[in-house]
Amino acid sequence: MKMNGFKNSNIYVAGKGIIKTSLYFEDEKIKEIGKNISKNNLLELEDHLFVVPGFIDKHIHGANGADFMNPTNQDITKVLTSICKEGTTSCLATTMTQSIENIEASLRNIASYIQTKPSGVEILGIHLEGPFISPKHAGAQPKEYIIPCDVDMFKRLNQTALNTIQQVTIAYEENGKALTKYLTERGIISSLGHTDCTYDLACEAVQYGACSVSHMFNAMRGFHHRDGGVIGAGLFNDNLSCELICDLIHVSKPVVQLLHKNKAKDKICLVTDSMEAKWMPDGTYQLGGQKVIVKGNEARLEDGTLAGSTLKMNDAIRNFMKATGIPFTEAIDCATINPAKCLHIEDKKGSIEVGKDADFVVIDKDFNVYMTICRGEVVYSRR
């Protein structure tokens, strides 16, 4: 479909909310927003549809029978061509704890893919989840490959990844001070996760630059009235953005409400943490070499441990809005401008403004996806 924008349509414009207006884009960028745009190839949408910023998923492992840990371009393509159907226009390709050799094979493949600058859903960089995590809170990460935080090992991994690692999930208590400082100095996100951090240690991590919590509430020391742990720090420290897997399985509705009530509205980032079973039927799948049984909307190891999710991003936003009662646009912010700010890319992603990337998703009030546009290219259209 050849198009260069929208005409007289409901568009969520930064600073103005959803307004009836027109929009023109060219060369992957938004060029004009206003009622009196006279350009060709502008699509006029039906009144029940809304143009909103493309969704950003900064924590996703796989989908459509493929995983970013598998070192093939076919796997990457299978993931990206499925998640556009849920409105995701950019993501961090997320790895997991495995042997260093397997991690490096994945990093090498993802970095090579990024270098080709392909069209479609954009990989913004890599989220390294493991191996620098706690064996006490491994979750679905294989314990035998977990190692303490190590600056030299990170340098090796990032060199393999051609310096494309943008976020690292770490257990700060596992020798994490030096690594946190090193990452912060280079503009890489330190995200506390799979961790047994006490509240005081989590706050110390923030002093050295940690600014995110990976899948808040999951795979971390529980909240206790004598030590709030990372959960307490995530709730009360304004410097920490909190990822949330809002499938209402990983985190219950009342706890979702607790997070919303206690965090600044621009510090909640919806993520899917999805694995290869997303967009696939129930059955048996793999995650990090481990058998995962998927039934209904739940993905679990054989021992019952939750193993990522099958959550779609548009469903996550819908769930969050319904659980909290927040406005439509505020829910959308949690999958657009909030992760963009966390990743320091709000100058080009996360909202509809002149000069930013032409990333859009067309949805209805129930978050059903009708069209996805990545940098000016229609990559999905509902028929």
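# Reading the fold, from helix α8 outward

Modeller: Helix α8 is mostly covered, with 10 of its 12 residues buried. This is a predicted model.

Biologist: What makes residues of α8 count as buried?

Modeller: Buried means under 20% relative accessible area. Met-313, Asn-314, Ala-316, Ile-317 and Arg-318 meet that in α8, and so do Asn-319, Phe-320, Met-321, Ala-323 and Thr-324.

Biologist: How do you know that the span of α8 agrees with its number of residues?

Modeller: The expected span is 1.5 Å times one less than the number of residues. For the 12 residues of α8 (residues 313–324), that gives 16 Å. The end C-alpha atoms are 17 Å apart, so the two agree. Gly-325 follows α8, and its phi is positive, near 75°.

Biologist: What makes a set of residues a nonpolar core, and which residues have the most contacts inside the largest one?

Modeller: The members must be buried nonpolar residues joined through side-chain atoms within 4.5 Å. The largest such core has 95 residues, and Phe-68, Phe-132 and Phe-154 have the most contacts inside it. Helix α8 gives the most to this core, with 6 residues. A second, separate core has 17 residues, including Met-3, Ile-11, Leu-23 and Phe-25.

Biologist: Which residues does Phe-68 touch?

Modeller: Contact means heavy atoms within 4.5 Å. Leaving out residues up to four places away in sequence, Phe-68 touches Ile-60, Ile-76, Leu-80, Cys-91 and Ile-123, among others.

Biologist: Why is strand β10 called largely enclosed?

Modeller: Count its residues. In β10 (residues 122–129), 8 of the 8 are buried, so the rest of the structure largely encloses the strand.

Biologist: How do you know that β9 and β10 pair?

Modeller: Pairing needs at least two bridges. Strand β9 (residues 88–94) and β10 have 5, in the parallel sense. One bridge joins Cys-91 to Ile-123 in β10. Between these strands the chain runs through helix α2 (residues 100–115), in a right-handed β-α-β crossover.

Biologist: What makes β10 and β11 a pair?

Modeller: Again, at least two bridges are needed. β10 and strand β11 (residues 165–170) have 4, also in the parallel sense. His-127 stands opposite Gln-167 in β11. Here the chain crosses through helix α3 (residues 151–160), and this β-α-β crossover is right-handed.

Biologist: What is the order of strands in the open sheet of 8 strands?

Modeller: The order is β6-β9-β10-β11-β12-β13-β14-β15, with parallel pairing.

Biologist: Why are β6 and β15 called edge strands?

Modeller: β6 (55–60) and β15 (268–271) each have a single partner strand, so one side of each has no neighbour in the sheet. For β15, strand β14 (residues 241–245) pairs with it over 4 parallel bridges. Cys-242 has Ile-268 as its bridge partner there.

Biologist: What does helix α1 touch on the sheet?

Modeller: Helix α1 (residues 73–83) touches β6, β9 and β10, and its direction makes about 145° with that of β9. Helix α2 also packs on the sheet, touching β9 and β10. The direction of α2 makes about 165° with that of β10.

Biologist: In the open sheet of 3 strands, is the pairing parallel or antiparallel?

Modeller: Antiparallel, in the order β16-β17-β18. β16 (283–287) and β18 (298–301) stand at the edges, each with a single partner strand, so one side of each lacks a neighbour in the sheet. Neighbouring strands of this sheet are turned by 35° against each other on average, direction ignored.

Biologist: How do you know that β17 and β18 pair?

Modeller: At least two bridges are required. Strand β17 (residues 290–295) and β18 have 4, in the antiparallel sense. Val-294 has Ala-299 in β18 as its bridge partner.

How values were computed. Residues are numbered from 1 along each chain as its sequence is written. This is a predicted model: local features need pLDDT of at least 70, side-chain atom pairs count only at pLDDT 80 or more; totals for chains, interfaces and linings use all residues. Side-chain values use heavy atoms; hydrogens and water are left out. Buried means under 20% relative accessible area, exposed over 50%, partly exposed in between (1.4 Å probe, protein chains only). Helices (H or I, at least four residues) and strands (E, at least two) are DSSP runs, numbered from the N terminus. A crossover is right-handed if, with the strands pointing away from the viewer, the path from the first strand over the helix to the second runs clockwise. Axes are lines fitted to C-alpha atoms, for helices over the stretch in contact, and angles run from 0 to 180 degrees between N-to-C directions.
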